[in-house]
Amino acid sequence: MNEHVQAATTEPLFNPLAPEFIRDPYPSYERLRNTDPMHITPFGSFLASRHAEVSLVLRDKRFGKDFVERTTRRYGPKIMEEPVFRSMRHWMLQQDPPDHTRLRGLVVKAFTARRVEDMRPRIQAIVDETLDRIAPSGHMDLIEDFAFRLPVTIICDMLGIPPEHREVFYTSSRNGGRLLDPVPLSPAEIAEANTGNVAAQMYFQQLFELRRKNPGDDLTTQLVQAEEDGSKLSNEELTGNIILLFGAGHETTVNLIGNGLLALHRNPDQLALLKANPALITNAIEEFLRYDSSVQMTGRVALEDIDDLGGKKIPKGETVLCLLGSANRDPAVYPDRPDRLDITRPNVRPLSFGGGIHFCLGAQLARIEAEVAIGTLLRRLPDLRLDDAQTPEWRPTFVLRGLKRLPASW
Ligand code: HEM
């Protein structure tokens, strides 16, 4: 511990794109919580690392998204002309009330616990089909070959994307993650994000046409009808939020499955326990979310001057970055060895899905997808082992934490 603290005086406390941070951010989080829990980053944001402040900021009405102001401050006034930022400004994820309330209200019913529970047989069938295809080969990449198809197929179902249009989504690259990182994007990265965004907009305009002519029992039809009504939703809001819904659950759910499987195989006692007691899966998923969250951070802007947050004054307009992954390991909330994976841990309530009005719309869906995927994998391929559990290759993004690949054999 002393060594950690001394080292911190020469190294930056928070360097989220450093390879050692990407590999294992948790020692940095511990340093932040212990030495500077409301750290000011080189980009001038406040960085909350303790559970108390993170949880408060997410739920407190004095904080909001203030997306256009915040983004303009960071990149300059022309940034809102870039297609990807124009689209993002309409995402419910980036909106404050009352627009946030209106946009979320249009889709929330499709994500209730009961509606999602009804999807369980379909989720099971997709996982079974994937394993039927792959089991004879004796080898796979758990990310690309196993985890990836499930969330993509389910969101395509929910959005009414016809099966014959889907192949491109299974094979397209997954490079959107940097958009959310706290380190500003380079012009080349903005250009790449624009290309992806414009292609998505073109595809979805076609889908809207199809669903206007051919309504279905899906979210796209529902939103297209809300747009036609005139007062509920503009065309840019429709397109932006369909792009959000389409993307929000891919990488995040894939990484919940990937990070969970890695954690289990690095802790063989927990793996054996779960195999022996499959009913522990529900609690195990909460523990995977806590232990190595696939979303590590989100942020809010102070909408007024805040006198005291963890001992700091936060002036109106300043950003507070919330380290969800650090809050999840705060010993103030998890006193029993928070750095240990324990699938029987009681009262696990991770902040991995956020909190307050933006609490993840897909939380229950992601939990069930992960439950079925991991539960079925352990049952059907009980002797599966990872080729390299100690030095797997991480994707170079920080906010979305996940593996490039996770090869396994059986
Ligand atoms: C393990 C998987 C997932 C994780 C860890 C996750 C995490 C999060 C987090 C942290 C937020 C809140 C961000 C904030 O407060 O600023 C959020 C919001 C959101 N998530 Fe998820 N998510 C996951 C899966 C999904 C899925 C499967 C969907 C949809 C199919 C989804 C759709 C959304 C949407 C639409 C929002 C915005 C809600 C709002 O602003 O009101 N997510 N998610």
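Reader: In which sense do strand β5 and β8 pair, and over how many bridges?

Author: This is a predicted model. In it, β5 (residues 297-302) pairs with β8 in the antiparallel sense. There are 5 bridges. Pairing takes at least two bridges between strands, so the 5 found here qualify β5 and β8 as paired.

Reader: Which residues stand opposite each other there, for M297 and for R300?

Author: M297 stands opposite L323 in β8. R300 stands opposite V320 in β8.

Reader: What makes β2 a partner of β8?

Author: Again, the bridge count. Strand β2 (residues 46-48) and β8 share 3 bridges. The threshold is at least two, so β2 and β8 count as paired. Their sense is parallel. One of the partnerships joins A48 to C322 of β8.

Reader: Why is the pairing in the sheet of 5 strands called mixed?

Author: Look at β8. It pairs with β2 in the parallel sense and with β5 in the antiparallel sense. The sheet is listed as mixed. The strand order is β1-β2-β8-β5-β3, and the sheet is open.

Reader: What makes β1 and β3 edge strands?

Author: Each pairs on one side only. The strands are β1 (38-40) and β3 (63-64).

Reader: Why is β8 described as largely enclosed by the rest of the structure?

Author: Count the buried residues. In strand β8 (residues 319-323), 5 of the 5 residues are buried. Buried means under 20% relative accessible area. β8 is therefore largely enclosed.

Reader: How do you know that both faces of β8 are covered?

Author: In a regular strand, side chains alternate between the two faces of the sheet. For β8, T319, L321 and L323 are on one side. V320 and C322 are on the other. Buried residues thus occur on both sides, and both faces are covered.

Reader: Which helix lies across β1, β2, β3, β5 and β8, and at what angle to β8?

Author: Helix α4 (residues 51-59) does. It runs at about 125° to β8. Roughly perpendicular stops at 115 degrees and roughly antiparallel starts over 145, so the angle of α4 to β8 falls in the oblique class.

Reader: Why are α16 and α18 called roughly perpendicular?

Author: The axes of α16 (residues 250-266) and α18 (residues 281-291) cross at roughly 95°. The perpendicular class covers 65 to 115 degrees. The value falls inside, and therefore the label applies to α16 and α18. The axes come within 9 Å. L256, G260, A263 and L264 of α16 meet I285, F288, L289 and Y291 of α18. By class, that contact has 7 nonpolar, 1 polar and no charged residues.

Reader: What makes α15 roughly parallel to α16?

Author: The axes of α15 (residues 235-248) and α16 cross at roughly 10°. Under 35 degrees counts as roughly parallel. So α15 earns that label. The axes come within 5 Å. F246, G247 and A248 in α15 meet H250, E251 and T252 in α16. By class, this contact has 2 nonpolar, 3 polar and 1 charged residues.

Reader: How do you know that C360 is a donor to the iron atom of the ligand?

Author: Its SG atom is 2.2 Å away from the iron. Donors are N, O and S atoms within 2.8 Å of the metal. SG of C360 is a sulfur inside that limit, so it counts. The iron has this single donor from the protein. C360 is in the loop between α19 (324-327) and α20 (363-380).

Reader: What makes the backbone at D66 and R337 notable?

Author: Most residues other than glycine have a negative phi. D66 has a positive phi of about 45° and is not a glycine. R337 has a positive phi of about 40° and is not a glycine either. D66 is in the loop between β3 and α5 (67-75). R337 lies in the loop between α19 and α20.

Reader: Why is D66 called partly exposed?

Author: Its relative accessibility is 23%. Partly exposed runs between the 20% and 50% limits, so D66 fits. P27 in helix α3 (residues 26-35) gets the label too, with 26%.

Reader: Which peptide bond is cis?

Author: The bond from P97 to P98, with omega near 5°. Most peptide bonds are trans. P98 is in the loop between α6 (83-88) and α7 (99-107).

Terms used
Residues numbered from 1 in each chain as written. Predicted model: local features only at pLDDT ≥ 70, side-chain atom pairs only at ≥ 80, totals over all residues. Heavy atoms only, no water. Donors = N, O, S within 2.8 Å, 3.2 Å for Na, K, Ca; no water. Helix = DSSP H or I, 4+ residues; strand = E, 2+ residues; numbered from the N terminus. Axes fitted to C-alpha atoms, helices over the stretch in contact; angles between N-to-C directions. Contact = heavy atoms within 4.5 Å. Nonpolar A, V, L, I, M, F, W, Y, C, P; charged D, E, K, R; others polar. Buried < 20%, exposed > 50% of the residue type's maximum accessible area, 1.4 Å probe, protein only.
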